[in-house]
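Here's a quick tour of one model, with a few spots picked out along the way. Have a look at it first, then read on.

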Amino acid sequence: MPPIYDKPTVEKYDYVLIGGGSGGSASSRRAASYGKKVAVVEVDPYLGGTCVNVGCVPKKIMWHAADLQDKLAHHASGYKFKGLSAPKFDWAAFKPQRDAYIRKLNGIYANNFEKEGVEYHQGFGRLASANSVEVTRPDGQKYTLHADHITITVGGTPTIPTDDQIPGASLGIDSDDFFDLKEQPKRVAVVGAGYIAVELAGIFHTLGSETHLIIRGETVLRTFDQTIQETLTPWMEKTGVKLHKKSTVVKIEGEKDKPLTVFTDKGEKIEVDTVLWAIGRHSLTKDLGLGEVGVKVNEKGDIVVDEYQNTSVKGIYAIGDVQGKALLTPVAIAAGRRLSNRLFGPEKFAKDKLDYENIPTVVFSHPTIGTVGLTEKQAREKYGDAVKIYKSSFRSLYFSMIDDDHKEPTVYKLIVVGPEERLVGVHIIGLGSDEVMQGFGVAIKMGATKKDLDDTVAIHPTSAEGELNMRMPDCKG
């Protein structure tokens with residue numbers, strides 16, 4: 001195991017980071033590559049942050065398990081596979097296997113620090129001044145790291161209502177706790193309509209849990225393009241997810257680790273074994289010493305930064321979820337690397353910064369979603385009548401051998417503007433959309449036009465070719 005430092009090794013570091021997640025790792029290692037003396041302070045016993053430990057990576061592994069369950073249960077027979085009987089997912093056996101892989105990744109993070117000369121200090125870091133960080137180790141020991149530059153990259157945490165706000169709310173779990181479940185609940189209620197709620201509800205349902213999804217509106221993913229909302233919501237209902245629309249939880253009754261009753265404002269009583277809150281996240285800025293040093297936060301508790309990740313205090317920066325913009329792992333990594341390029345790299349990087357426009361993202365729903373750029377609503381608000389919509393709906397060839405009830409929808413939507421038909425938004429849902437989207441993220445970033453897609457020879461037979469040679473714009477959307 002690489003060393004964990006319990007005191008400073010120099011009087012002053014070039015760079016100290018509070019937070020050892022994806023952003024902190026990327027920024028610290030890039031700084032170290034320029035020969036700088038760097039230390040990372042991480043309070044959790046495992047490096048990697050939310051993404052590695054209770055986010056993207058274990059979530060995607062669970063999604064793969066659910067996807068395989070779906071294929072075995074509903075698709076294999078269409079391809080005339082015999083002798084599969086009734087495959088059943090063993091959650092209790094799978095969890096330790098999944099966790100072992102995550103521990104392996106934690107070790108890789110630590111080994112990379114050692115290999116590249118980044119000191120790893122385990123403890124709670126808080127600002128002691130504009131150029132020093134106080135570290136409180138798990139045993140209570142305290143010491144101070146002095147630095148020319150300090151970056152806060154502590155990430156965020158799930159938001160749960162208090163029992164004062166919703167009686168019994170604390171009986172529920174959050175998305176972090178999802179990964180602590182040792183057994184698969186037979187019945188679960190997921191509260192929320194965002195991507196985390198959709199992904200975890202999809203995993204529960206596809207793996208066989210009776211799944212209720214309680215949403216305040218008529219559709220899931222309300223911040224996404226309308227076409228995505230209108231395609232995924234009815235499909236989730238068709239597959240058997242029990243949607244409770246225009247509903248708000250007013251109380252929960254029961255006891256921890258025993259059956260629970262969820263009451264909604266529509267008078268419903270939903271009997272479940274687990275309630276999972278997925279109603280949002282907030283930054284972990286509490287007790288960091290921000291106010292004492294003068295680092296400004298907004299009304300949500302996010303650290304306020306400029307386009308170069310500078311906070312209101314010279315020499316202190318913030319990257320990742322803690323600054324409240326584009327809460328995605330690759331964003332934190334990209335911002336962290338660019339920050340270190342600017343602070344410590346050659347002159348060509350003197351103005352290096354992350355462009356927060358046109359960041360692609362995916363949702364690991366069933367089926368998957370990919371999106372980049374403006375939604376149709378946003379495009380029409382910005383460009384008015386200059387907007388054109390191209391849309392194509394079809395079924396992937398994969399589903400040609402599968403029963404109609406299990407043929408997932410695919411919809412590809414292009415949003416273009418002006419006589420040159422420049423792409424300003426791409427929104428896709430269907431088999432493989434998570435992989436397809438990366439290429440179209442590049443296209444949007446490069447300012448591609450509809451003609452650029454038309455001039456590209458399609459790869460056949462694939463779903464991705466559905467983005468090419470679309471005809472007849474749907475001007476009404």
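How much space lies in the second largest pocket? In this predicted model, that pocket holds about 380 Å³. Its lining is made up of 20 residues, and Asp70, His74, His205, Thr206 and Thr239 are the closest to the centre. Three helices each give two or more residues to that lining: H3 (56–75), H6 (195–206) and H7 (226–239). Here's how the lining residues split up by class.

| Class of lining residue, second largest pocket | Residues |
|---|---|
| Nonpolar | 6 |
| Polar | 10 |
| Charged | 4 |

Now over to helix H4, which covers residues 91–116. With 26 residues, H4 reaches 37 Å from its first C-alpha to its last, close to the 38 Å expected at 1.5 Å a residue. At the start of H4, aspartate 90 puts a side-chain oxygen within 3.4 Å of the backbone nitrogen of alanine 92. Just after the helix comes glycine 117, with a positive phi of about 85°. Plenty of names could be listed for the buried residues of H4, including Trp91, Phe94, Arg98, Ile102, Leu105, Tyr109 and Phe113.

Tyr109 also turns up among the contacts of glycine 21, alongside Glu42, Gly48 and Gly49, leaving aside residues up to four places away in sequence. Glycine 21 sits in the loop between strand S1 (13–18) and helix H1 (22–33). Is glycine 21 buried or exposed? Its relative accessible area is 11%, so glycine 21 counts as buried, the cut-off being under 20%. As for serine 129, that residue is 108 residues from glycine 21 in sequence and 23 Å away in space, C-alpha to C-alpha.

Methods: Residues numbered from 1 in each chain as written. Predicted model: local features only at pLDDT ≥ 70, side-chain atom pairs only at ≥ 80, totals over all residues. Heavy atoms only, no water. 1 Å grid on protein atoms, 1.4 Å probe; cavity = no way out; pocket = protein on both sides within 12 Å on 5 of 7 lines; lining within 4 Å. Points joined across faces, edges and corners; volume = space filled by probe spheres on them. Helix = DSSP H or I, 4+ residues; strand = E, 2+ residues; numbered from the N terminus. Nonpolar A, V, L, I, M, F, W, Y, C, P; charged D, E, K, R; others polar. Expected span 1.5 Å × (residues − 1). Buried < 20%, exposed > 50% of the residue type's maximum accessible area, 1.4 Å probe, protein only. Polar contact = N/O pair within 3.5 Å; in protein donor to acceptor, adjacent residues only side chain to side chain. Contact = heavy atoms within 4.5 Å.
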